[in-house]
Amino acid sequence: MTSPKTMTIAKAINESLRTSLETDPKVLVMGEDVGKLGGVFRVTDGLQKDFGEERVIDTPLAESGIVGTAIGLALRGYRPVVEIQFDGFVFPAYDQIVTQLAKMHARALGKVKLPVVIRIPYGGGIGAVEHHSESPEALFAHVPGLKVVSPATPSDAYWMMRQATECDDPVIFFEPKRRYWDKGEVDTAAVPAPLHRARIAREGTDLTLAAYGPMVKTCLEAAAAAEEEGHSLEVLDLRSMSPIDFDTLQASVEKTRRLVVVHEAPVFLGTGAEVAARITERCFYHLEAPVLRVGGFHAPYPPARLEEDYLPNLDRVLDAVDRALAF
Amino acid sequence: MAHLSPPSPAAAGPAKRSARPAKTPPEATGPGHTPPPGWHPRIDPAPLLPEPEPYRLLGTPAARDVDPALLRRLYEELVRGRRYNRQATALTQQGRLAVYPSSTGQEACQVAAALALRPQDWLFPSYRDTLAVVARGVDPVQALTLLRGDWHTGYDPRARHVAPLCTPLATQLPHAVGLAHAARLAGDDTVALALVGDGGTSEGDFHEALNFAAVWHAPVVFLIQNNGFAISVPLEKQTAAPSLAHKAVGYGMPGRLVDGNDAPAVHQVLSEAIERARTGGGPTLVEAVTYRIDAHTNADDATRYRDAVQVDQWRAHDPIDLLERELRDRDLIDDAELKAVAESAEALAARLREEMNADPVLDPMELFDHVYAEQTAQLREQAAQLRAELDAEEDR
């Protein structure tokens, strides 16, 4: 029995991949710079050294080829975990992901399974140049056949990656890159919650803040600030954008009667739009205020010196909280 | 290497190209004039170059080295294949099939591809490759569910090791590379054969697949069926390469050029490439020069973009006629055997007619069954919605 260890999100994913590589000989790690370098964020640090070049593969620099060959490997029973180096570079692989990876199980009447995990460091706040700070999760959640998740804590990073690797469906695994170095406890002997179950990150009574990935921390900070003003906010970490755990969300909103959804991605047609619509359908008579959304603007992700004006922050979240409470 | 000499001005087309600088470097004139640090020649490109003209067997003395039983088998499959194409096209006219991209004229490529593989190998077809799929042993009716609109892939890809007929061009190529690489990792001798057309070679996935295959030394063979047209666009608007087979050289794998209407030649070139892959020699790119006798599909009008003279020239280079001539000239087949082949083809067509004329029984609820291996609550809700709509329809 091992005791819980404190580690960063990046290390938790590394440990998770290590455990998967140890326990399942069919698990492969592949991508650009994931081997010798250990990935540009060092998430795969040391894995090639310990598991060899055939299981931790430095691929040519070609995202469509990475995902396309991962599909072929999966057809022969492998479980590739592929890394896309940055969110903005996934699009050359978008065709393979949408037309092939997402559909082949259905096309072939379930006769073939494609257990491929695609890891994508996503989101802004790190002062990067263009194409390195995007939040394209809705573009994937919209596609039938894909499962889309994002952890917000080291514990979830470890366990959700373990579960994604064991899942028989393709999973797009969005990693909150600006939180890679946040620390928390990971109990590798725990019994984890199901992959697509939402998590109550903080209990409250007056309003529910729903978020995922990097915005969970922002929402927790908002809840702490609101408490000083006498408001009790519940923070719900969705964890999964496809499918979405509307049951847990509904129970929370029926208790608090108000919902604000927060993500970095543009509000327009984002995850929050689906959440708002579904919760309005399910909780219409419980709601004291319309569901409000907080997120990025419908503009290309800005240059680093302007990203603080673009990204939802504590103030923008609290402003929405105030508006919802004022109804 | 006469085939590598620069094209004559006429052959080079209207674009004038300036003379290239001399290929031998000038002599160094002082210290430090050395090649860039770390540079060294990687591999010799000469052995990778394709044949100067498409390799042929039929009508050449080398044809006598081919097992007559193989020639007869190829012939039977060609005849059955053409009959299948004709029947499937007729079924589109009767509304029994939504669409059919015929491979008439390309049967030698289709049949040779299927027959060159062993059971453990995998075939990665695109949408015009139904014949290869059927010749590999997939049920002829199941192979058409895609085109009838019953379901996208009507057969179990694992049963005969045939990946789904792939519609987005070249997307199947990296899959073949990944599967071939899996064979290497697992230490077995499986080979993947991926089919693509001349148009598909312009896609990025063609490039990425060939590059991955060569870097990984994967046991995969790529067969380009160069049938002259990507729907309406001819090869000269698709590529400026000396040949499609030459593209292999840039990736560091051998290119082979073969007469795509010479079934034993295609079979031999593919068999050599497959054997090479199986024994650790890595990937090969094969270009088979052939022609799409029919339009792109039954919905296309080929007279808008090509003239009848060209079609007639290719009809005179017909894969079935070429092989039949060889068999007859050398008394390798008699009238009774020819009749048996024709009857086998008719029986296939009759079965196709009969089974395709039966209305398929489809269950709309199957829409939800295979979206995920592990079903989601959201889909269960949507399934319940459709169930209710269907029940309401029945009650009406």
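These are my notebook entries on aromatic contacts and the chain interface in a predicted model.

**Conventions.** I number residues from 1 along each chain as its sequence is written, and chains are lettered from A in the order in which they are written. Because the model is predicted, local features need pLDDT of at least 70 and side-chain atom pairs count only at pLDDT 80 or more, while totals for chains, interfaces and linings use all residues; side-chain values use heavy atoms, with hydrogens and water left out.

**Rings.** I looked up aromatic pairs (rings of Phe, Tyr and Trp, the last by its six-membered ring, with centres within 6.5 Å; planes under 30 degrees apart are stacked, over 60 edge-to-face, the rest tilted) and found 17 over all chains. One of them joins A:Phe297 and A:Tyr310 edge-to-face, at 6.1 Å centre to centre and 75 degrees between the planes. I also noted a cluster in which ring pairs link A:Phe41, A:Phe86, A:Phe89, A:Tyr180 and A:Trp181.

**Interface.** I then turned to the contact (heavy atoms within 4.5 Å), which takes 40 residues from chain B and 47 residues from chain A. The buried area (accessible area, 1.4 Å probe, that two parts lose on being put together, summed over both) is about 3,600 Å² between chain B and chain A, with carbon and sulfur atoms giving 61%.

**Salt bridges.** With a salt bridge taken as a side-chain nitrogen of Lys or Arg within 4 Å of a carboxyl oxygen of Asp or Glu, I find three across the interface of chain B and chain A. The side chains of A:Arg278 and B:Glu381 form a salt bridge at 3.0 Å, N to O.
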